[in-house]
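User: I'm new to this structure and would like a close look at one part of it, the largest pocket. Could you walk me through what surrounds that space, and then show me how the rest of the chain fits around the picture?

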Amino acid sequence: MLVDTAELVSIAETLPIELKIQLIDKLLSSLNPSQSNIDALWQQEAEKRLQAIQTGDVIPEDGEQVFAQIWQRLEP
């Protein structure tokens, strides 16, 4: 049974917000499936970076200020 795209969208638009969120999550996951090994590596990296900030080994800087400094250096 094939459903017309317009009909499918029309049905989706009538769903409660919670179901819309679930549907969107499933659709996005189907486009970009999770790779648990890569996700685990990113989790480790995030934890390592957070620890470096918490111990003072790394001092975070405001992103806008960093980009402003870069643009200043690039100006002729």
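Analyst: Sort the residues lining the largest pocket by character and you get 7 nonpolar, no polar and 2 charged. This is a predicted model, by the way. The names on that lining are Leu8, Val9, Ile11, Ala12, Glu13, Lys20, Leu23, Ile24 and Leu27. The space they line comes to about 180 Å³.

Where do the lining residues of the largest pocket come from? Helix 1, which covers 5–13, and helix 2, which covers 17–31, each supply at least two of them. Helix 1 gives the largest share, with 5 residues. As for how such a space is found at all, rolling a probe the size of a water molecule over the atoms shows where empty space is left.

Take Leu27, one of the lining residues. You'll find Leu27 in helix 2. Is Leu27 buried, exposed or partly exposed? Leu27 has a relative accessible area of 48%, so it counts as partly exposed, a class that ends at 50%. From Leu27 you can also look a long way along the chain: Asp57 is 30 residues off in sequence, and the two C-alpha atoms are 40 Å apart in space.

Now step back to the whole chain. It has 4 helices and 0 strands, so to speak a plain α-α-α-α run from the N terminus on. The radius of gyration is 22 Å, whereas a compact globule of 76 residues would have one near 11 Å. Along the principal axes, the C-alpha atoms fill a box of roughly 60 × 40 × 20 Å. Buried residues make up just 1% of the 76. The accessible surface adds up to about 7,500 Å², and carbon and sulfur atoms account for 60% of that.

Away from the pocket lining, have a look at the charged side chains. Side chains of opposite charge can pair when their charged atoms come close. The count here is 2 salt bridges. In one, Glu45 pairs with Lys48, with the closest N and O atoms 3.5 Å apart. Both sit in helix 3, residues 36–55, and are 3 residues apart, about one turn of the helix. Glu45 is partly exposed at 23% relative accessible area, while Lys48 is exposed at 52%. Glu45 also pairs with Arg49, where the closest N and O atoms are 2.8 Å apart. Arg49 and Glu45 are 4 residues apart in helix 3, so about one helical turn separates them. Through shared partners, the salt bridges join Glu45, Lys48 and Arg49 into one network.

Terms used:
Residues are numbered from 1 along each chain as its sequence is written. This is a predicted model: local features need pLDDT of at least 70, side-chain atom pairs count only at pLDDT 80 or more; totals for chains, interfaces and linings use all residues. Side-chain values use heavy atoms; hydrogens and water are left out. On a 1 Å grid over the protein atoms alone, a cavity is a set of points where a 1.4 Å probe fits but cannot get out, and a pocket is an open set with protein on both sides within 12 Å along at least five of seven lines; lining residues have an atom within 4 Å of a point. Grid points are joined across faces, edges and corners, and a volume is the space filled by probe spheres set on the points. Helices (H or I, at least four residues) and strands (E, at least two) are DSSP runs, numbered from the N terminus. Ala, Val, Leu, Ile, Met, Phe, Trp, Tyr, Cys and Pro count as nonpolar, Asp, Glu, Lys and Arg as charged, and the others, Gly among them, as polar. The radius of gyration is taken over C-alpha atoms; the globule rule is 2.2 Å times the number of residues to the power 0.38. Buried means under 20% relative accessible area, exposed over 50%, partly exposed in between (1.4 Å probe, protein chains only). Accessible areas come from the Shrake-Rupley method with a 1.4 Å probe; for residues, only the protein chains shown count as cover. A salt bridge is a side-chain nitrogen of Lys or Arg within 4 Å of a carboxyl oxygen of Asp or Glu.
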